[in-house]
Amino acid sequence: MSSMSKNARICAVGSAPPLVDKGLNEHFDVVREADLEVRGLAVCGGHTRIDGAFVELFPKLEIVSSFGVGYDHVDAASLAKRGIVVTHTPDVLTGEVADLALGLLISTVRQLPQVDRYLREGKWLKGAYPLTTTLRGRKVGILGLGRIGKAIAMRLEACDLEIEYHGRNAQPDVAYRYHPTLLGLAQSCDVLMVVASGGAETRHIVNKEVLEALGADGILINVGRGTVVDEAALIKALQDKKILSAGLDVFEDEPRVPAELIAMEHVVLLPHVGSASVHTRNAMGQLVVDNLVSWFGGKGAITPVPECQTLAASKAKG
Ligand code: 8YV
């Protein structure tokens, strides 16, 4: 790496995985506290909101390299206005999260964790596990047909399932039926697969009305962000049997999960593990480092977030 980047001071925010720590230390002068000379942030997890007020602590800041494809903890629009580029880690986790989403759907419908517990508790010796509901004949509504949504759709097609979707816009190159409203999608489907990203725009859009529209056989799967679903409304819908079940990898106030959900035997709950394989987390971590290395090597950002793409292109030095 050029001496140019070794001279750049980077502040590591949150708990960086070992590979990120190693990469940062190899290429940069790394600190853990705000410092007037910091030119880049490496943001890995944690609950710090990276907004205009936070970046005032770093007057020389040029780039924020964030771990994860979702970046609802970063106010990218306001940072872009200040001339700070934000990057994230798309693509490298797409297949992993899509695999998990399919697994979670099958686990929820066929009750795999419950069936596993049944065997371990010795109950099979006394009789067969009760018959479950099925994936056969179901129609899946995808909320958020981006990179991950499309990878999930591809897997659902292989499962011979009908697919429809809702998002900001209809996508002309996509053959699945588009619903201009989320309620319309929920009325038409009996599985709602939430892949949408977080933030003010999507907060609680999956509400009581949407959940009830799925019907008594309805299944909610969420691998996007917990804030997209009104969790209190979901708990009520499950308790009142307005929907059948839910498979959740994300929650409103992680890592806190409501006791009401934990008490429900018929839901499947995962601790936000969508991208959590060694392979994929390493690829994500490498991209956090690579964005900084590329930037301070004068080659621009590799994966700027959409709000910063114009800025990143105009600032690319090489
Ligand atoms: C990560 C995710 O677990 O990429 C995302 O947006 O939600 C997950 O892949 C998370 O970002 C790690 O903090």
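Me: In which loop is Asp-91 found?
Reply: The model is predicted, with local features requiring pLDDT of at least 70 and side-chain atom pairs pLDDT 80 or more, while totals for chains, interfaces and linings use all residues. Residues are numbered from 1 along each chain as its sequence is written, and side-chain values use heavy atoms, without hydrogens or water. Asp-91 has a positive phi of about 70° although it is not a glycine. Its place is the loop between strand S5 (85-87) and H5 (DSSP runs from the N terminus: helices H or I, at least four residues; strands E, at least two).

Me: What is the omega of the peptide bond from Glu-254 to Pro-255?
Reply: Pro-255 sits in the loop between strand S11 (245-248) and helix H11 (259-262). The bond from Glu-254 to Pro-255 is cis, with omega near 5°.

Me: Which residues of H6 meet Ile-106, Ser-107 and Arg-110 in H5?
Reply: Helix H5 (residues 94-110) and helix H6 (residues 112-120) have axes 6 Å apart and pack at an angle of about 60°. H5 and H6 are therefore oblique to each other (not under 35, over 145 or 65 to 115 degrees). Across this contact (heavy atoms within 4.5 Å), the three H5 residues meet Leu-112, Pro-113, Gln-114 and Val-115.

Me: Which residues are around the ligand?
Reply: The criterion is a heavy atom within 4 Å of the ligand. The residues around the ligand are Phe-67, Gly-68, Val-69, Gly-70, Leu-93, Arg-225, His-272, Ser-275, Arg-281 and Met-284.

Me: How much of the ligand's exposed area does the protein bury?
Reply: A polar backbone atom of Gly-70 is 2.8 Å from an oxygen atom of the ligand, within the 3.5 Å limit for N or O pairs. Polar side-chain atoms of Arg-225 and His-272 each lie 2.8 Å from a ligand oxygen atom. Taken alone the ligand exposes 330 Å² (Shrake-Rupley, 1.4 Å probe), of which the protein buries 81%.

Conventions. Axes fitted to C-alpha atoms, helices over the stretch in contact; angles between N-to-C directions. Polar contact = N/O pair within 3.5 Å; in protein donor to acceptor, adjacent residues only side chain to side chain.
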